[in-house]
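Work through the exercises below with the sequence and the 3D view side by side. Try each task before reading its solution.

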Amino acid sequence: MRAAAVFSPCPSSPVFPHHLPHRYPKDPSFRTLVSISEATTRGRYVGRTGECSSFVWPRVVPERIQKSRYNNQIFASIADISVEQSIENVSLPKGDMWSVHKFGGTCMGTAKRIQTVADIVLSDPSERKLVIVSAMSKVTDMMYDLVNKASSRDESYITAIDNVFEKHMSTAKELLDGEDLARFLSQLHIDISNLKAMLRAIYIAGHATESFSDFVVGHGELWSAQMLSYTIKKHGNPCSWMDTRDVLIVNPTSSNQVDPDYAESEKRLEKWFTCQPADTIIATGFIASTPQNIPTTLKRDGSDFSAAILGSLVKARQVTIWTDVDGVFSADPRKVSEAVILRTLSYQEAWEMSYFGANVLHPRTIIPVMRQSIPILIRNIFNLSAPGTMICQQPVNENGDRRSLQSVVKAFATIDNLALVNVEGTGMAGIPGTANAIFGAVKEVGANVIMISQASSEHSICFAVPENEVKAVSAALNSRFRQALEAGRLSKVEVIPKCSILAAVGQKMASTPGVSATLFDALAKANINVRAIAQGCSEYNITVVLKQEDCVKGLRAAHSRFYLSKTTLAMGIIGPGLIGGTLLDQLRDQAAILKEKFNIDLRVMGITGSKTMVLSDTGIDLSKWREIQKEKAEVADLVKFTKHVHGHHFFPNTVLVDCTADTNVANHYYDWLNKGIHVITPNKKANSGPLDRYLKIRTLQRLSYTHYFYEATVGAGLPIISTLRGLLETGDKILHIEGIFSGTLSYIFNNFEGRRAFSDVVSKAKEAGFTEPDPRDDLSGTDVARKVTILARESGLKLELSDIPVRSLVPEPLKACSSSEEFMQQLPNFDKDFAKEREEAEAAGEVLRYVGVVDAVNEKGVVELRRYKREHPFAQLSGSDNIIAFTTTRYKDQPLIVRGPGAGAEVTAGGIFSDILRLASYLGAPS
Ligand code: ADP
Ligand code: ASP
Ligand code: MG
């Protein structure tokens, strides 16, 4: 059993301990301000444990034991301990006995969370524990805000500091009681009045120096560390708290960073320890001092870095960084919901991740621990069952030794708010020192260059800097290269604002073939333009610069492609009628299998009819799409619909599926494709509409990675367009296409046999639902003419719909009938004419068939009622089957024939569905 520590404040030591005069910023005003509180005191805790095997504890001289003025506890001032004697007697133990923990702001967010932190610390059985804490969540922001307000002479800093006080007071009241609470509150009170005085001075001056600001903002950590140490002590565990400004010495660097002085910090830590040896130490993260003892910070999110430095100073067994996520994810989980936890990462991978913006770890955390091969474990305080991510020298490869793309690319990270600077000109080639001059100028303005890329021609150098530094950089370059620009040796210094970096990180990835190609392919297929590329020699990352607006989309596209090999598609379904509705049902039945077996994630983000629409942020539950459409519909608005489905950056790819026969919808295709939205449709209106518009769409499609599929426009689900494409793409030449393209007319003529009257067959077809509501829409032949136009254009002919002569089966006098009923009533009057044509054919051993023909040789198309010998394949049809014969240079004697059901909701929807899957496979889904 250990003896309880004597844990008490020392009234004789000032707010800042023994080296007070050095602690303050040098500004005289600071000195004066703070001196008002010098008379008041801050508690210093002297940890004193009884039994300790490895070293001798300092002995507190009994005569000097005094009574605390806060309470009657026994305490001893550090001044009571002879340093020489202590150093002799107590040296800082180093090595595996130390376990280091760092708790982030989220872990320290509330009293309850601080209690959880205390429980975790208490349950660590390690011999020695060094615990580094951040300020309570949001407190550092609040502190920066105080400084900003005061320096811009905004009086509201007073209420803001009261809020800070309130927050800590109420947290402490929840956590602590009795004397500990009184002591903490008294200290808080003193700190707040000092801060008020200081902020007042800042307010009057209208300016805050960096050291003033650093002094103010570091208080969050001072308070959280004290609250945690009191909480741990409350459980009877001996514990000291450490103001790391006493220990951690850092030198500022030019680029708003600091470099630790390890030797000096180690010396100070040893000294600190001799005065306050304890086996549990709670240390403030984030704050440090300059060699001149001026308070400074390790910059935003710097507590991770504090933990790593202190961990390396005590040569800890492990540094555990506790946060609010299960570990390091393969991408920022706030941006990529499919991101997965990485069980292990190498130091280099973790460094690259944090450098490129994964704020789960401060970028500088790795260096100190890597030197001594101390592993870092990232864990979730809210999910203790998660094992976390281990960052160490030689991590186990989660995917085995297989060097698959997935195993070399570990993760993705992004940095926003960058600008790309491009220095370009022929005068740069072969001139030594140009790069040096460029970066020399950049360095002079203190800008931080995040990545550099130089074209091999040496014609241009481009680099990324934070957006807020680009103005100064551009001015410096223009001034430095004024002569070269005037003489034309440099053509320009160009700034491309609003950029982001997307970095793919992984061991040896740059040396594995195919990684860059896959990354660029994924980005291209998501229609994202890459502005610059850098592949470091480190082999740990490939970096691309994108427009900021594309960044999340690019991140998702790359992540899903590499890591999950899942292809995700956001879909918008237009026209949930018979065909659209059937498609939605088919998607409903197949979605889970596609996701599980083929890694294709299809999400219907919206369904719109002509009057109403439904939208969803995560994907409509297709098991109840009809009910949802009834209950949650809003007024249809195609522009809003498109914006919703496409603007949803959750998925990298969007497809709009037009299941209408509407020209107005078809008129949007060009615009959609132009925006990078893929289009799939059975609607014939675009491809058989005005030729110039069709050609524009096809040209656009060929120029981009955006896809336009329309297999179901001809022959429903039958592979007509794809067969034709296959022939053409493999170098075959189309001579002639002839076919029965209308299911309705196929049915009518297959049944127009023997003595049956034409009108009777039409009326049976209508009853069976094979015709349009007005059978004239089928009999007119326009629909077949549209299909002929589509196939003719697909074969390379430049025909308009009006160029196709069509034999209409609607008798001339009946064209004017006002209703389909009237038409059906009058149709028998013309049975004789149809019967006559049939008899003539029969007499020659032939049958009548309504066909469409593309004559590619003579560049013509026609739709007519032709006669075929009884043995001809067209004469053998049954039901409503389609049949299409392709005569080509390869298939000259025997045409290539495609036959099967060419109408009906199920097969048409099936054709659309297979286009959707084709799109997914073009986008990277496994085939
Ligand atoms: P703390 O206050 O604990 O230091 P931070 O907010 O600094 O917490 O860091 C944790 C956050 O980092 C997570 O909540 C997560 O949203 C974000 N983050 C960004 N990229 C990643 C990533 N690749 N893996 C895990 N977390 C990430
Ligand atoms: N509290 C500091 C910040 O918010 C340091 C940290 O939490 O790591 O930046
Ligand atoms: Mg952090």
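Two strands count as paired if DSSP finds at least two bridges between them. Keep in mind that this is a predicted model.

**Exercise 1. Over how many bridges do strands β28 and β29 pair, and in which sense?**

Step 1. Locate the strands: β28 covers residues 734-740, and β29 covers residues 846-855.
Step 2. Count the bridges. There are 4, and the sense is antiparallel. The cut-off is at least two bridges.
Step 3. Check one position. Gly739 has Gly852 in β29 as its bridge partner.

**Exercise 2. Place this pair in its sheet and find the edge strands.**

Step 1. Write the strand order: β30-β29-β28-β31-β32. The sheet is open, has 5 strands and pairs antiparallel.
Step 2. Look for strands that pair on one side only. These are β30 (860-869) and β32 (896-901).
Step 3. Add the twist. Neighbouring strands are turned by 20 degrees against each other on average, direction ignored.
Step 4. Add the helix. α27 (residues 743-751) lies across β28, β29, β30 and β31 (881-888). Helix α27 runs at about 155 degrees to β29.

**Exercise 3. Trace the sheet that contains β15 and β18.**

Step 1. Order the 6 strands: β16-β17-β15-β18-β20-β19. This sheet is open, and its pairing is antiparallel.
Step 2. Mark the edges, β16 (451-454) and β19 (532-535).
Step 3. Note the twist, which averages 30 degrees from one strand to the next.
Step 4. Join β15 (residues 411-424) to β18 (residues 492-505): 11 bridges link them. Val421 stands opposite Val495 in β18. Phe412 stands opposite Ala504 in β18.
Step 5. Continue to β20. β18 and β20 pair over 7 bridges, in the antiparallel sense. Here Ile501 faces Val545 in β20.

**Exercise 4. Which strands of the sheet with β15 and β18 does helix α18 touch?**

Step 1. Find α18 at residues 515-525; helix α18 packs on the sheet.
Step 2. List the contacts: β15, β18, β19 and β20 (541-547).
Step 3. Read the angle. The direction of α18 makes about 20 degrees with that of β20.
Step 4. Repeat for α19 (residues 551-562), which touches β15, β18 and β20. The direction of α19 makes about 125 degrees with that of β15.

**Exercise 5. Describe the surroundings of ligand 1.**

Step 1. Count the shell: 20 residues. The closest are Thr323, Asp324, Phe329, Arg334 and Asn359.
Step 2. Sort the shell by class. It holds 9 nonpolar, 6 polar and 5 charged residues.
Step 3. Find polar contacts to ligand oxygen atoms. The Thr323 side chain places an N or O atom 2.8 Å from one. A polar side-chain atom of Asp324 lies 2.8 Å from an oxygen atom of ligand 1. Gly105 uses a polar backbone atom, at 3.1 Å.
Step 4. Work out the cover. Alone, ligand 1 exposes 570 Å², and the protein buries 89% of that.

**Exercise 6. Which residues surround ligand 2?**

Step 1. List them: Ser134, Thr140, Glu221, Phe286, Arg300, Asp301, Gly302 and Ser303.
Step 2. Sort them: 1 nonpolar, 4 polar and 3 charged.
Step 3. Find the contact of a ligand nitrogen atom. An N or O atom in the side chain of Glu221 is 2.6 Å away from this nitrogen.
Step 4. Turn to ligand oxygen atoms. A side-chain N or O atom of Ser134 lies 2.9 Å from one. Asp301 contributes a backbone N or O atom at 2.7 Å.
Step 5. Finish with the area. Ligand 2 alone exposes 260 Å², of which the protein buries 90%.

Methods:
Residues numbered from 1 in each chain as written. Chains lettered and ligands numbered in written order. Predicted model: local features only at pLDDT ≥ 70, side-chain atom pairs only at ≥ 80, totals over all residues. Heavy atoms only, no water. Helix = DSSP H or I, 4+ residues; strand = E, 2+ residues; numbered from the N terminus. Axes fitted to C-alpha atoms, helices over the stretch in contact; angles between N-to-C directions. Contact = heavy atoms within 4.5 Å. Near = heavy atom within 4 Å. Polar contact = N/O pair within 3.5 Å; in protein donor to acceptor, adjacent residues only side chain to side chain. Areas by Shrake-Rupley, 256 points an atom, 1.4 Å probe, with all protein chains shown as cover. Nonpolar A, V, L, I, M, F, W, Y, C, P; charged D, E, K, R; others polar.
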